[in-house]
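Me: Here is a model that I would like to go through with you, one region at a time. Please explain how each answer is reached.

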Amino acid sequence: MRQPLAYDNVDRVVDAIPLPEGITLRSARDDDWPAMRRLAATCFGSFRDPDTLTTWRSMSPREGVILGCDGTDIVGMCMLLDLELTVPGGRQLPTAGVTWVAVAPTHRRRGLLRAMFTGLHQRIVQAQYPIAGLLASEATIYGRFGYGPATTETALSIERRHARLHPEVPTIGGVRVVDPAEHRDHLADIWERWRRRTPGGLRTPPQLWDEVLADRASARHGGSPLFCLLHDDGFVMYRTHDAEAGKSVEVTKFTAVTGDARLALWQTLLGLDLMHTITVGTHPADPLPHLLADPRQACTVSSEDALWLRIVDVPMVLAARRYSHDVSTVIEVSDAEFHGGGRYALIIRDGQARCVPSDESPEVRLDLSVLGSIYLGAHRPSAFAAVHRLHCDKPDLLRHLDLAFSWEAPAELGFGF
Ligand SMILES: CC(C)(COP(=O)(O)OP(=O)(O)OC[C@H]1O[C@@H](n2cnc3c(N)ncnc32)[C@H](O)[C@@H]1OP(=O)(O)O)[C@@H](O)C(=O)NCCC(=O)NCCS
């Protein structure tokens, strides 16, 4: 059971952190939010809709925001969201979602992020979150804090006018064109089924559905209101955009619980005759190219880290997921910044792991950020061994680790936060 954070504990924790000169840390108060919104807009380049902000704020636990102040000015902030993450095998872990990380351009590179993060991660431990996750604006910031990229988002673009279905693919059907707001329960049910089986899936609280379906003009980025295609086991939400080259479809959410639902939804999307291109964010193993007579019509336009994970409670988190192969070894996990990690015996039998502290000499050594990267099965231990970021002298053991950590369902980020 997670512990609620108490004011006196929080103050004690924050007091103990070395701070840049002239800076104090404290929790956010209700009247801080307008200044926080301005700081975020300055750092990220655009203002968030106040109602959208209220939605995200409602997902933050009490004492979930740390501010860095210079006198009365708020010059830094970071925030926790109370999330629930699906791991391979379907268990869901309470997860600290770290977001709204910003330091004013007047106060950068003096150690304010490090100070706020030290406080925030003490709170994460105090509140007994076993794992923390974030999305990184730049891939060079968070490795030092024990976070590793754990899912990859691949953006595909399809020249719809040239895309033909492969002749062996059967026609499925069963798709309706609907108003998404009128089918909220159906969409939420499909999403719930999908996120419970997908590593990286996140529980979506009702207020986040309200936010998506409010379909605010500020969320459209010049595109149309949301369109929705609905199947019993899947849905697509998309916007259209006008460009000189013709109309394009931007898929904002593609969720399919079954292979047939995925097929039926793609057949419908590819039937949007007057649309020139379709773009979609997906995982690297998406079978979409095999659906097409010419698989080159599904072009990868980008491939980027999405969810980053920091494993806070190593034994608990390693025991929480299921595995695809037996392994027995001793691992040593380093965590230079926040002194997590440790040395553990890891015994995996019949898909289930036991992980206990050990004094034996380790066969595998790796940084906590690397453990975060391999945890959901999106990256192989041997890929890190190849660049000397995971150390293991036994090729057979490395092969077994690759097999053990792989998983049948590809990892995907549930939603951006
Ligand atoms: C990223 C940001 C929060 C860093 O804040 P900061 O107070 O300047 O960071 P710190 O001085 O505490 O730096 C801590 C460490 O991170 C490194 N670091 C900080 N920002 C970095 C960046 N953008 N790229 C690479 N390294 C970075 C520092 O060099 C320092 O390294 P060290 O381990 O060698 O000491 C700040 O630059 C910012 O607000 N950027 C714009 C908004 C943004 O991108 N936020 C992150 C959203 S995910």
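**Two local sites, a helix, the core and the ligand**

Me: Is Pro315 buried, exposed or partly exposed?

Reply: Residues are called buried under 20% relative accessible area, exposed over 50% and partly exposed in between, using a 1.4 Å probe and protein chains only. Because Pro315 has a relative accessibility of 21%, its class is partly exposed.

Me: What kind of model is this, and from where are residues numbered?

Reply: This is a predicted model, in which local features need pLDDT of at least 70 and side-chain atom pairs count only at pLDDT 80 or more, while totals for chains, interfaces and linings use all residues. Side-chain values use heavy atoms, with hydrogens and water left out, and each chain, as its sequence is written, is numbered from 1.

Me: Which residues is Pro315 in contact with, beyond its neighbours within four places in sequence?

Reply: Pro315 belongs to helix 9, residues 314-320; helices (H or I, at least four residues) and strands (E, at least two) are DSSP runs numbered from the N terminus. Pro357 is 42 residues away in sequence, and its C-alpha lies 8.0 Å from that of Pro315. Taking contact as heavy atoms within 4.5 Å, and leaving aside those sequence neighbours, the partners of Pro315 are Tyr344 and Cys355.

Me: Which backbone oxygen lies 2.7 Å from a polar side-chain atom of Thr198?

Reply: Thr198 sits in the loop between helix 5 (184-197) and helix 6 (206-214), and it counts as buried because its relative accessibility is 6%. Not counting residues up to four places away in sequence, Thr198 touches Thr86, Pro410 and Glu412. The backbone oxygen that lies 2.7 Å from a polar atom of its side chain belongs to Trp194.

Me: Which residue just after helix 6 takes a positive phi?

Reply: Within helix 6 the buried residues are Leu208, Trp209, Glu211 and Leu213, and their cover includes helix 3 (50-57), helix 5 and strand 10. Just after this helix, a positive phi of about 50 degrees is found at Asp215.

Me: Which strand gives the most to the largest nonpolar core?

Reply: A nonpolar core is a set of buried Ala, Val, Leu, Ile, Met, Phe, Trp, Tyr and Cys residues joined through side-chain atoms within 4.5 Å. The largest has 103 residues, of which Phe117, Leu318 and Tyr375 touch the most other members. With nine residues, the element that gives the most to this core is strand 3 (residues 73-86).

Me: How far from an oxygen atom of the ligand does a polar side-chain atom of Arg144 lie?

Reply: Nearness here means a heavy atom within 4 Å, and of the 19 residues around the ligand, Arg144 is one of five that come nearest, along with Val101, Arg109, Arg114 and Ser137. A backbone N or O atom of Gly111 lies 2.9 Å from a ligand oxygen, and a polar side-chain atom of Arg108 lies 3.3 Å from one. For Arg144, the distance from a polar side-chain atom to a ligand oxygen is 2.7 Å.

Me: What share of the area that the ligand exposes when taken alone does the protein bury?

Reply: Accessible areas come from the Shrake-Rupley method with a 1.4 Å probe. Taken alone, the ligand exposes 900 Å², and the share of this that the protein buries is 79%.

Key:
Polar contact = N/O pair within 3.5 Å; in protein donor to acceptor, adjacent residues only side chain to side chain.
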